[in-house]
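Biologist: Please take a close look at a single part of this model and explain it slowly, beginning with how one decides whether a residue is covered or open, and then show me how that part sits within the rest of the chain.

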Amino acid sequence: MTKETIVTIPRMNCNGCLKNVTKILQTFPSLAIIATDLPAKTLHLHYDPEQLSMEQIKTALGQAEYPIEKELPLVETQEGAGTTQS
């Protein structure tokens, strides 16, 4: 199963902030950044919850002073089953 979510990071104000956040998230091999929206301060993330929890993501970003303010889960997909739930 994989999950997609959009997170809001209020302290992500510039391209430097976006690079810092991206660098932190790239340390998690089971996570992919699908899209970024700097003006809206959001990231669209895709990850495997069996290998990585949202709490781990929040902790890593919070320790770097980029706390997640909001989380909007989008999709859960059963791998191999081809079903999508929202």
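Modeller: A residue is called buried when its relative accessible area is under 20%, exposed when that area is over 50%, and partly exposed when the value falls in between. Please keep in mind that we are looking at a predicted model. I will begin with the pair of cysteines and then move inward.

Cysteine 14 has a relative accessible area of 36%, so it is partly exposed, whereas cysteine 17, with a relative accessibility of 11%, falls on the buried side of the cut-off. You might expect the two to be bonded, but the count of disulfides is zero. For cysteine 14, which takes part in no disulfide, the nearest cysteine sulfur belongs to cysteine 17, at 3.5 Å. Seen from the other side, cysteine 17 is likewise in no disulfide, and its nearest cysteine sulfur is that of cysteine 14, 3.5 Å away. The reason is the cut-off, because a disulfide requires two cysteine sulfur atoms within 2.5 Å.

To see the surroundings, consider the fold, in which two helices and five strands make up the secondary structure, and these elements follow one another from the N terminus as β-α-β-β-α-β-β. The largest nonpolar core holds 20 residues, among which Ile9, Leu25, Leu43, Ile57 and Leu61 touch the most other members. Two or more residues of this core come from each of helix 1 (15–25), strand 3 (42–47) and helix 2 (54–63), and helix 1 gives the largest share, with five residues. Isoleucine 9 shows how distant parts of the sequence meet, since, beyond residues up to four places away, it touches Val21, Lys41, Leu43, Leu61, Tyr66, Pro67 and Ile68.

Strand 3 also contains histidine 44, whose relative accessible area is 17%, so that this residue is buried. The side chain of histidine 44 makes a polar contact of 2.8 Å with the side chain of glutamate 4. Apart from neighbours within four places in sequence, the residues in contact with histidine 44 include Thr5, Ile6, Ala32, Ile34 and Leu74.

Taking the chain as a whole, 33% of its 86 residues count as buried, and of the contacts between residues at least 6 apart in sequence, 63% join residues at least 24 apart. The accessible surface of the chain is about 5300 Å², and carbon and sulfur atoms account for 50% of it.

Methods: Residues numbered from 1 in each chain as written. Predicted model: local features only at pLDDT ≥ 70, side-chain atom pairs only at ≥ 80, totals over all residues. Heavy atoms only, no water. Buried < 20%, exposed > 50% of the residue type's maximum accessible area, 1.4 Å probe, protein only. Core = buried A, V, L, I, M, F, W, Y, C linked by side-chain atoms within 4.5 Å. Helix = DSSP H or I, 4+ residues; strand = E, 2+ residues; numbered from the N terminus. Contact = heavy atoms within 4.5 Å. Polar contact = N/O pair within 3.5 Å; in protein donor to acceptor, adjacent residues only side chain to side chain. Areas by Shrake-Rupley, 256 points an atom, 1.4 Å probe, with all protein chains shown as cover.
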